[in-house]
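Open the structure in your viewer and keep the selection tool at hand. This tour goes from stop to stop, saying what to select and what is there.

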Amino acid sequence: MKQPHILLVVGGGIAAYKACELIRLIRKAGMTVRCVLTDGGAQFITPMTLAALSENEVSTTLWDLKNETEMGHIQLSREADLIVVCPATADLLAKMAAGISDSLATTVLLATDTPVLAVPAMNVRMWQHTATQRNVTRLRGDGVTVIDPDDGAMACGEYGPGRLPEPVAIMERIEAALSFPSRLREGLKGKRVLITAGPTHEPIDPVRYIANRSSGRQGFAIAAAAAQMGAEVHLVAGPVHLPTPPGVTRIDVETARDMAAAVEAALPADIAILVAAVADWRTADAANQKIKKTGGALPALQLAENPDILAGLARDPRRPAVLVGFAAETENVIEHAQAKLARKGCDWIVANDVSGEVMGGADNAVHIVTADGVESWANLPKDQVARKLMEKIADAVR
Ligand code: C5P
């Protein structure tokens, strides 16, 4: 199998010296690497350092006739499996977000559809500036993976977020970015995938509501993975604070009944994955005006049952060929999931134990419960759970 090739864009910050260590780790992992050094980067380290460590040529300018005839700037990014920007300065992030191409590095980044991993490092105030945060949000929305910088003491004498993560941690992110096998990149092409995510809010009165701790992260990660695999993705999202993954059509809803209607409207679908933590109950009659405190008498909340979207979809004549539900449990996880599989009429239940920090957290340990048995996965970051799950679904619909 061909070893992955990395194009490493080294920006102008003191953390550029750590890019040298990163090159060693990339090589040690058996990958090849070629560097693009910005003018700013060349103030901190030399092309010779990068060439010696990468054992490859180093490109520094768009206007180099020899470089352009032997290896044009378009070709530089085409031959790479991943572009890593390290350190990604505030200036580079701003130019990437705006689509400016005024140097070799920024032109390479604009002229590519290769996945990009940006590793920011800068002064804490530059990192926290609204402009930088806006650029990072935009880049993430555009599909660039931007790693959060570490907290700590900085070369400039200040303290806070802005430090380049350790090269070993960056290497882990590179390996994770490359772990999406190319055979899967088109694994769901032509499939329409419907996903629900997040909590629902059930109003009590105009200012209060019933909710739960779901962050939407697992469902959004699944939507992102499905889109990366070429699916047409419709994501019905409860109230969450998450950016829409690239290529995903998002429908925002608030209540369980809104969610049921949005799911209905998004049919037909080949695959449906209902990850949302739908409130089981709503208030029978939400008050039109704010409920006031009345000398000691407590308001009696009458609850009514919400529609079960998953069970409804299982009975629908337009039932998707693959219907997957989630089960968040705090005890007897697998037994409850098996009972739920039968009761709801779906094909698989992805069960997880939410007694710890899963809801709102970054990791998830799940069991895939099907009519054939139970497959238990190790604790993984939610984006890796998403990829593994979508891989399994792609195999099932092939
Ligand atoms: O019954 P329980 O809420 O544990 O079932 C969880 C599964 O059912 C999840 O896939 C969830 O999205 C779905 N569900 C639903 N509508 C409801 C309740 C749960 O679609 N009202």
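Start by selecting asparagine 332, which sits in the loop between strand 17 and helix 13. The model you are looking at is predicted. Asparagine 332 has a phi near 40°, a positive value in a residue that is not glycine. Most residues other than glycine have a negative phi, and most peptide bonds are trans. Is asparagine 332 buried, partly exposed or exposed? With a relative accessible area of 47%, asparagine 332 is partly exposed, since partly exposed covers values between 20% and 50%.

**A second positive phi**

Now select glutamate 55, in the loop between helix 2 (47-54) and strand 3 (58-59). Glutamate 55 is not a glycine, yet its phi is positive, at about 50°. Its relative accessibility is 63%, so glutamate 55 counts as exposed.

**Two cis peptide bonds**

Go to cysteine 86 and proline 87, which are joined by a cis peptide bond with omega of about -5°. Proline 87 belongs to strand 4 (residues 82-88).

Then select leucine 267 and proline 268, where a cis peptide bond has omega of about 0°. Proline 268 is in the loop between helix 11 (256-266) and strand 14.

**The eight-stranded sheet**

Next, show the strands as a cartoon. In which order do the eight strands of the open sheet stand? The order is 13-12-9-14-17-18-20-21, and the pairing is mixed. Strand 13 (248-252) and strand 21 (373-376) are at the edges; each has a single partner strand, so one side of each has no neighbour in the sheet. On average, neighbouring strands of this sheet are turned by 20° against each other, direction ignored.

Strands of a sheet pair through backbone hydrogen bonds, either parallel or antiparallel. For a parallel case, select strand 9 (residues 192-197) and strand 14 (residues 271-274), which pair over four bridges. Here isoleucine 195 stands opposite isoleucine 273 of strand 14.

For an antiparallel case, select strand 20 and strand 21, which also pair over four bridges. These two strands form a hairpin, with two residues between them.

**Helices on the sheet**

Add helix 10 (residues 217-228) to the view. Helix 10 lies across strand 9, strand 12 (232-237), strand 13, strand 14 and strand 17 (322-329), and runs at about 165° to strand 12. Then add helix 13 (residues 333-344), which packs on the sheet and touches strand 17, strand 18 (348-353), strand 20 (366-370) and strand 21. The direction of helix 13 makes about 155° with that of strand 18.

**Valine 369**

Zoom in on valine 369, in strand 20. Its relative accessible area is 0%, so valine 369 is buried. The bridge partner of valine 369 in strand 21 is valine 374. Which residues is valine 369 in contact with, leaving aside its neighbours within four places in sequence? They are Ala337, Gln338, Leu341, Asp347, Trp348, Ile349, Ala351 and Val374. Glycine 325 is 44 residues away from valine 369 along the chain, and their C-alpha atoms are separated by 9.9 Å.

**A pair of helices**

Two packed helices are described by the angle between their axes and the distance between the axes. Select helix 5 (residues 90-98) and helix 8 (residues 130-141): they pack at an angle of about 50°, and their axes are 9 Å apart. Helix 5 and helix 8 are therefore oblique to each other, and their crossing is left-handed. In this pair, Ala90, Leu93, Ala94, Met96 and Ala97 of helix 5 meet Thr132, Asn135, Val136, Arg138 and Leu139 of helix 8.

Pick out threonine 132, in helix 8. At 7% relative accessibility, threonine 132 counts as buried. Not counting residues up to four places away in sequence, threonine 132 touches Ala90, Leu93, Met122, Met126 and Trp127.

**Last stop: helix 14**

Finally, select helix 14 (residues 382-397). What span should its 16 residues have at 1.5 Å a residue? The expected value is 22 Å, and the end C-alpha atoms are 22 Å apart, which agrees. Colour the buried residues of helix 14: Lys382, Val385, Ala386, Arg387, Leu389, Met390, Ile393 and Ala394. An α-helix has 3.6 residues a turn, so residues three or four places apart point the same way.

Methods. Residues are numbered from 1 along each chain as its sequence is written. This is a predicted model: local features need pLDDT of at least 70, side-chain atom pairs count only at pLDDT 80 or more; totals for chains, interfaces and linings use all residues. Side-chain values use heavy atoms; hydrogens and water are left out. The expected span of a helix is 1.5 Å times one less than its number of residues. Buried means under 20% relative accessible area, exposed over 50%, partly exposed in between (1.4 Å probe, protein chains only). Two strands pair if DSSP finds at least two bridges between them. Axes are lines fitted to C-alpha atoms, for helices over the stretch in contact, and angles run from 0 to 180 degrees between N-to-C directions. Contact means heavy atoms within 4.5 Å. Angles under 35 degrees count as roughly parallel, over 145 as roughly antiparallel, 65 to 115 as roughly perpendicular and the rest as oblique. A crossing is left-handed if the near helix is turned anticlockwise from the far one by less than a right angle, and right-handed if clockwise.
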